[in-house]
Structure formats: C-alpha cells, structure tokens
Amino acid sequence: MSAFEKGTLTVVLGAQWGDEGKGKLSDILCGEAEICARCAGGNNAGHTIVVNDTKYDFHMLPSGLVNPNCVALIGNGVVIHLPSFFEEKAKIEAKGSLNCDGRLLVSDRAHLVFDFHQKVDGLKEVELGRGSIGTTGKGIGPTYSSKASRSGIRVHHLFEFEEFSARFRTMVENRRKRYGNFEYDVEAELVRYKELAERIRPYVIDTIPYIHNALKEGKRILVEGANALMLDLDFGTYPFVTSSSTAIGGVCTGLGVPPKTIGNVIGVLKAYTTRVGGGPFPTEQLNEVGEHLQTVGFEVGVTTGRKRRCGWLDLVVAKYSTLINGYTSFNLTKLDILDQLPTIKVAVAYKLNGKRLESFPADLDLLDKIEVEYVDLPGWQTDISKCTKYEDLPENAKKYIAFIEKETGVPVEWIGVGPGRDSMIRKAI
C-alpha cells in the first residue's frame, strides 16, 4: 500500500525531542516520492542516511536528494545560511554520483541566516546565563527573531543588491546596539554575499504555485519535518525549544498550503527517548541504563556532535504529540537498541500529589515535581537486526509494539531494526 494519496501531502514529523531517525523513513518514502520538501528550521536539524554503506549527513537540505528522481524543495518557513547550503551540497555530491543541480529548489520567501546571527546566538546564551537553553549555535533563533520583528532579510532581497546592502547594515547595527560592538567585517560580508547571490539565483523560485501545481497534477509529495513536536515553539518544553513551528501547523505556514492538502501524517517515535541540550526530561536515566542506550544507540548529535541524554520511552509525550499532530501511523525506530535489556520500562502517566495529570504540563516548575508512573515490560534479549518481516520479531518485541499502539491509539506501521537503509520492517495496519 502506498504511503501517498493523490492530491495530498504525506508528512513525516518527529514525535519526541528530535533525533528519532526521521531521515531513514524519508529516504525510503522518497523512493516513491517525486518531491521532498522542508518546511521549517534550518541547518540546526540533522539526518543521517546510510546508502550502500555510505553515510550522508543532511542538515538543511531535504534528504530526498539521495533519490536521483526526487526534487528537493526548501520552503518559505526554512531559514537558510547560504555558505552552509553550498558546503552541504558539495559534501553530499562528493560522496558519490549524486548531482543536485536541476532538482534543488529554494523559496524566494525564505529568510537568510548570516554569520552575525551565529555570533548573536552565542552572545544570547551568555546573556541568559544559567537559563541558557543549549542551542546549536547556528543562528536559527536570532534569524527567526529578525523575521518576527519584521527586520529580516529574505532570499529575494539578494537580487536587489543596493536594498539588500542597506538592510544588512541596519540589521548588524541594531544587533550591535544590544550586544556591543562584536567583531564582524560588514563590508567583506557584503562582497561575499554579492557572489553568493549569483550562486543561489538558479535555485530560487516562487515555491507556492510550484507546490500547488504539483498537488493538482497528483504528484507524490513528501514533507520532511525538522526537529520534533517537543521542540515546537508553542507546544514544546518552552523555553527549551527551537524557534519555529515543528508541529503539523508548520507544514501549512512553511509551505503555503491549506490543511485540506495534508494526507497521511507519520510520527517518528524512537523506541526510547533522547534529547539534546537543556530542558526537562522526565524519563531520563542518569545510570547504567542511560549509558547503555547512549553507547549502543550511538546517541551523538549529527549537527552538534554532543552526546544525547537518554531515557525510557515516554508515552505521555507520545500521546500529547499525537493530540497535536494527529498521526495516522507511527514509525518506531531503533527497536534493536533494546535487544539486550531483560526488562524495559515505559512511562504511562505523570502524577502530582498522587493524582494523574491529564496531559503533558506547560509549567516546567510543575514538571519538576511530578512522579513518573512506569509499566515494566519483558525484554526479548534476541538480536532482531536480521528480521525482515513483522512475523520474524520475537513475541516480547511484538508485545512492546502492541502496548504502544494500545496506549496511544496509533498503529505502528514502520519498525526500525538497524541503521541500514533496508533495516526497516513495514507492518500491515
């Protein structure tokens, strides 16, 4: 059965705090897709895709590029650091026969990330002090701040260079008024961007009519989410979040499409929980279990290189995420990382003063006081990495999957049992 429905978008979204392994499912689906689109975030995201033992690291570019028949589209909701754009493209092409030319498109409405935004990102963390959120330092937050304050610079501004130069000087000056006279050669940067403007020009289009025409033509379109629901600016663990809408609403605003165009929404759910940076993490395990998950799961950020914090699967988070994003199915990833564990705990509720909370709380101070209620499930202690069908899985692995389905009300359609491109089982739903 195809994951695509004619005239609609198929969407892949992270259901936890990111790093769930969205890239591999996107890669699989892009074998059928004709367009793969990004709608939010920037090069603070990270996907690793393994093809024929070659690893491709994606940060800003849609991972559909590994399929030579797929057009990759960067929507208006994405923020773009042009030097990183071209560096990432060159690294991907250098690893094999991939050629991005002619099938990589950039919205003229997308906002630009500049090096000074990255400087401000670091200065902002210093300003926050103990309240810092542990950003990637890629300048994403300051760029979205510029966008929200209506002082940002969009891709199309590059092609009127006098206007661009005036806007750019004003932006830098305004940041210096707040953060001091940080070192930054404005004139040298303008020279660089005059050249970058011509380099990016062939990729730039008005993506709004492009994607709507593709929908009318019944093309198979995949939207690849960045970050995840618990990092959403509105619904995540604010302020320990990213600066864009990582939820289903970000698809509409980041691509210029109405809700009725959204078809299947696949939530990518890691078989345990991880997060990078600061912020609450109720099921975090600062013990041998956490170390096991980190080591066996090789939990290191693709973009940051930082070790990820690890803990048990949190179904309070999964159910909350489902309420907002309306998943039609789950992709359960990295199930094989649990292979060696004799007992697996799953969080099913939060309690405060002995009473269950209705949902994931907004108040982080309250979250510090909650007690996590766990259910213990038996492990399977069997290597599942060679399993190719659902029927091949050990009974206790099937019971683990069934428990997730029962608690969340969402069927698990895809099951990751290893890092390779082919290490994915599809279960009938």
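Which hand, left or right, does the crossing of H10 and H12 have? In this predicted model, the crossing of these two helices is right-handed. Helix H10 spans residues 315-325 and helix H12 spans residues 395-408; their axes come within 10 Å and cross at roughly 50°. The two helices are therefore oblique to each other. On the H10 side the contact involves Leu315, Ala318 and Lys319, which meet Phe403, Ile404, Glu407 and Thr408 of H12. By class, the residues of this contact comprise four nonpolar, one polar and two charged.

A second helix pair is formed by H2 (residues 82-94) and H6 (residues 186-200), whose axes come within 10 Å and cross at roughly 50°. This angle makes H2 oblique to H6. The crossing of H2 and H6 is left-handed. Leu82, Pro83, Phe85 and Phe86 of H2 make the contact with Arg192, Tyr193, Leu196, Arg199 and Ile200 of H6. Seven of the residues in the contact of H2 with H6 are nonpolar and two are charged, with no polar residue present.

Helix H10 also contains asparagine 325. The relative accessible area of asparagine 325 is 3%, and the residue is therefore buried, given that burial is assigned under 20%. The side chain of asparagine 325 is joined to that of tyrosine 327 by a polar contact of 2.8 Å. Beyond residues up to four places away in sequence, asparagine 325 touches Leu13, Gly14, Leu229, Ala247, Ile248 and Val265. Asparagine 325 and glycine 311 are 14 residues apart along the chain, and their C-alpha atoms are separated by 23 Å.

Another asparagine, at position 331, is located in strand S15, which covers residues 329-333. Asparagine 331 has a relative accessible area of 0% and is buried. A polar atom of the asparagine 331 side chain lies 3.3 Å from the backbone oxygen of tryptophan 414. Trp414 is also among the contacts of asparagine 331 when neighbours within four places in sequence are left aside. The other residues in that set are Leu25, Ile266, Gly267, Val268, Leu269, Ile415, Gly416 and Met424.

Histidine 117 belongs to helix H3, which comprises residues 115-128. With a relative accessible area of 1%, histidine 117 is buried. The side chains of histidine 117 and threonine 143 are joined by a polar contact of 3.3 Å. Apart from neighbours within four places in sequence, histidine 117 is in contact with Leu112, Gly139, Pro142, Thr143, Ser146 and Met171. The C-alpha atoms of histidine 117 and alanine 37, which are 80 residues apart along the chain, are separated by 25 Å.

Pro142, Thr143 and Ser146, listed above as contacts of histidine 117, are among the buried residues of helix H4 (residues 140-148). Ile140 and Tyr144 are also buried in H4. Arginine 150 follows H4 and has a positive phi, near 65°.

Further backbone features concern phi and the peptide bond. Most residues other than glycine have a negative phi, and most peptide bonds are trans. The loop between strand S10 (221-224) and helix H8 (249-255) contains proline 239. The peptide bond leading from tyrosine 238 to proline 239 is cis, with omega near 10°. Asparagine 227 is found in the loop between S10 and H8, and the phi of asparagine 227 is positive, near 60°. The relative accessible area of asparagine 227 is 12%, a value at which the residue is buried.

A positive phi is also found at lysine 334, near 55°. This residue is placed in the loop between S15 and strand S16 (343-352). Lysine 334 has a relative accessibility of 21% and therefore counts as partly exposed, since the limit for burial is under 20%.

Technical notes
Residues are numbered from 1 along each chain as its sequence is written. This is a predicted model: local features need pLDDT of at least 70, side-chain atom pairs count only at pLDDT 80 or more; totals for chains, interfaces and linings use all residues. Side-chain values use heavy atoms; hydrogens and water are left out. Axes are lines fitted to C-alpha atoms, for helices over the stretch in contact, and angles run from 0 to 180 degrees between N-to-C directions. Helices (H or I, at least four residues) and strands (E, at least two) are DSSP runs, numbered from the N terminus. Angles under 35 degrees count as roughly parallel, over 145 as roughly antiparallel, 65 to 115 as roughly perpendicular and the rest as oblique. A crossing is left-handed if the near helix is turned anticlockwise from the far one by less than a right angle, and right-handed if clockwise. Contact means heavy atoms within 4.5 Å. Ala, Val, Leu, Ile, Met, Phe, Trp, Tyr, Cys and Pro count as nonpolar, Asp, Glu, Lys and Arg as charged, and the others, Gly among them, as polar. Buried means under 20% relative accessible area, exposed over 50%, partly exposed in between (1.4 Å probe, protein chains only). A polar contact is a pair of N or O atoms within 3.5 Å; within protein, one must be able to donate a hydrogen and the other to accept it, and residues adjacent in sequence count only if both atoms are side-chain atoms.
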